[in-house]
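Subject: Structure handover and notes

Dear colleague,

I am passing on to you the structure we spoke of, with its sequence, and my notes come after it. Please read the notes with the structure open beside them.

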Amino acid sequence: MSVKDFALPDLGEGLTESELVAWRVAVGDTVELNQVIAEVETAKALVELPSPYSGTISKLYAEPGATVRVGAPIVAFEIGDDAGAEPQTALDVAEAEAGTDAADSGATTAITSAPKRESVLVGYGPAVASGEPPRRRPRRGGGSPTAPATATDGGSSEAETEPAVTAETAVEPRTVVTAEAPEAPAEQLRSTPPVRKHARDLGIDLAALTGTGEHGLITREDVDAAASRQGDTAARSRPGRADETGDKTLAVEHRADETRVPIAGVRKRTAAAMVQSAFTAPHAAAQLTIDVTASEELLESLGGTREFRDIRLTIMTLVAKALCLAVGRNPSINSRWDEAAGEIVTFRHVNLGIAAATDRGLVVPKVKSAESLNLADLARAVSTVVESARAGTSSPAEFSGGTITLTNIGVFGVDSGIPILNPGEAAILAVGAVRRLPWEYRGEIALRSVLTLTLSFDHRLIDGEQGSRFLADVGAILRDPGVALTMV
């Protein structure tokens, strides 16, 4: 037997660290190749980390809630001598095949002799020894003999293939099982995301409950009954504070006059990014209030057509399309200030960020190459990335590579506001609420639909003239959608 450490891989585009959310295994557990062993959060996405080996867990180096740097060991495996070679990844196989004639009888030799390295592609774990491509792990409840041994919050039946990637699990307190106090394998908890959130709000440990629902499902009534028994005297540990059992928890602390929540996860990263942006880029802003009655009439008419019948069209859909068209006429808006290189980088594609409020905080998934999409495809893409972000199922790639951002503050009933730039972007456009107001129309006063657009921009890259021209182009399209024909 030999012991091998597994270091945290780079789960995104050059990320330097990730937060360990939860272990799905405990010391002493036997795991299979590609079995999910942990959940980590990085780039505002929750990612499942697969095992690079078949063997036994001998040590866990980090605790849930800890920030781990890329390249630092997080877990040690005891593996047999016959499994001592570094695992071959699916990526290695592909690279070997690319440099070898497929018809050559020596193709197998070229693949097996290719340099071995550990996969950094989450979801594309190491290939099995036979060289076959990695297989998808069995669904929960499907009789898998290698179900995770540590009790964590299980996913609902609606998301069996990726049950742990939810907005709820991203911030839920977790219990650490250490090498000094190993616990016996526990059956995986079964509950729905709303029940887990309800339990978290009440400070109830789901691991201590027995579900009364179908097939042992923990219900809301089970949580309420436990809260009634626990009463107001229940205490939750601060991060890193040992409780009576010696375990450590990352939890909310409730006091008589205040509640303390650890700064971690999405909130921690958002705060750091906003501080960096506010004190690095000189922000400037411009506002424009326009009559969007014609745009609302267009949305109403499109909703009755066959092409758009099953698509959710909103004023934000038209704003997104107008933004893409206006970027084509004002390319400096879609740029980045490269301090290290001393250059201004202008992007050829619009990777449109859509600010979305979730239970874990504000996240900004991206619609890549949004300028190439027609109105119907753009509406679908926006809905898809926002729904994935709110469910917590987005991949790290969906949060990277943005060039400009769109945020809808009108959904909260706010007329206008000045947003802070996302780091690395030159502009962000905020859309206010649509109001029915008296407005000048064709020389008379009429009741019209009016909204306010607010553009924040990096004054190092964009002058007031450039920012104003861009905002005016967006406004012109929304005021009269027919103007778009003059811009393509």
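The notes below take up salt bridges, a buried lysine, backbone angles, two loop residues and cavities in turn. Please keep in mind throughout that this is a predicted model.

**Salt bridges**

The count of salt bridges comes to nine, and I describe some of them here. Glu-39 is paired with Arg-24, with 3.3 Å between the closest N and O atoms. The two partners come from distant parts of the chain, 15 residues apart, since Glu-39 sits in strand 4 (residues 36-42) while Arg-24 belongs to the loop between strand 2 (17-23) and strand 3 (30-31). Both Glu-39 and Arg-24 are buried. This pair does not stand alone, as Arg-24, Glu-39 and Glu-48 are linked in a network of salt bridges.

A second pair is formed by Arg-448 and Asp-291, whose closest N and O atoms are 2.8 Å apart. Arg-448 is in strand 21 (residues 444-458) and Asp-291 in strand 11 (residues 283-291), so this salt bridge ties together parts that are 157 residues apart in sequence. Arg-448 has a relative accessible area of 13% and therefore counts as buried, and Asp-291, with a relative accessible area of 9%, is buried as well.

A further pair joins Asp-473 to Arg-329, with the closest N and O atoms at 3.0 Å. Here the link runs between two helices, with Asp-473 in helix 9 (residues 464-479) and Arg-329 in helix 7 (residues 315-329), and the two residues are 144 positions apart along the chain. The partners differ in their exposure: Asp-473 is buried because its relative accessible area is 11%, whereas Arg-329, at 46%, is partly exposed.

**A buried lysine without a salt bridge**

Which side chain of opposite charge is nearest to Lys-366, a buried residue that has no salt bridge? The answer is Glu-425, at a distance of 4.8 Å; a salt bridge would need the nitrogen and the carboxyl oxygen to be within 4 Å of each other, so this pair does not qualify. The side chain of Lys-366 does, however, have a polar atom 3.3 Å from the backbone oxygen of Phe-399. As for its place in the fold, Lys-366 lies in strand 17, which covers residues 366-367.

**Positive phi angles**

Most residues other than glycine have a negative phi, and two residues are worth checking against that background. Asn-34, which is not a glycine, has a positive phi of about 75°, and this residue is located in the loop between strand 3 and strand 4. With a relative accessible area of 14%, Asn-34 counts as buried. Arg-442, again not a glycine, has a positive phi of about 55° and is found in the loop that runs between strand 20 (435-441) and strand 21. In contrast to the buried Asn-34, Arg-442 is exposed, because its relative accessibility is 72%.

**Two further loop residues**

Ser-51 is part of the loop between strand 5 (45-50) and strand 6 (55-60). Is Ser-51 buried or exposed? Its relative accessibility is 0%, so Ser-51 counts as buried. The side chain of Ser-51 reaches the backbone oxygen of Tyr-53 at 2.6 Å.

Val-414 belongs to the loop between strand 18 (404-408) and strand 19 (427-431), and its relative accessible area of 33% makes this residue partly exposed. The C-alpha atoms of Val-414 and Thr-452 are separated by 9.7 Å, while the two residues are 38 positions apart along the chain.

**Cavities**

How many cavities of 30 Å³ or more does a search of the whole structure find? The search returns two, and I comment here on the second largest, which has a volume of about 30 Å³. The lining of this second largest cavity is made up of Leu-8, Ser-18, Leu-20, Val-40, Val-68 and Ile-74. By residue class, the lining of the second largest cavity divides into five nonpolar residues and one polar residue, with no charged residue.

With best regards

Key: Residues numbered from 1 in each chain as written. Predicted model: local features only at pLDDT ≥ 70, side-chain atom pairs only at ≥ 80, totals over all residues. Heavy atoms only, no water. 1 Å grid on protein atoms, 1.4 Å probe; cavity = no way out; pocket = protein on both sides within 12 Å on 5 of 7 lines; lining within 4 Å. Points joined across faces, edges and corners; volume = space filled by probe spheres on them. Nonpolar A, V, L, I, M, F, W, Y, C, P; charged D, E, K, R; others polar. Helix = DSSP H or I, 4+ residues; strand = E, 2+ residues; numbered from the N terminus. Buried < 20%, exposed > 50% of the residue type's maximum accessible area, 1.4 Å probe, protein only. Lys, Arg positive; Asp, Glu negative; His and termini not counted. Polar contact = N/O pair within 3.5 Å; in protein donor to acceptor, adjacent residues only side chain to side chain.
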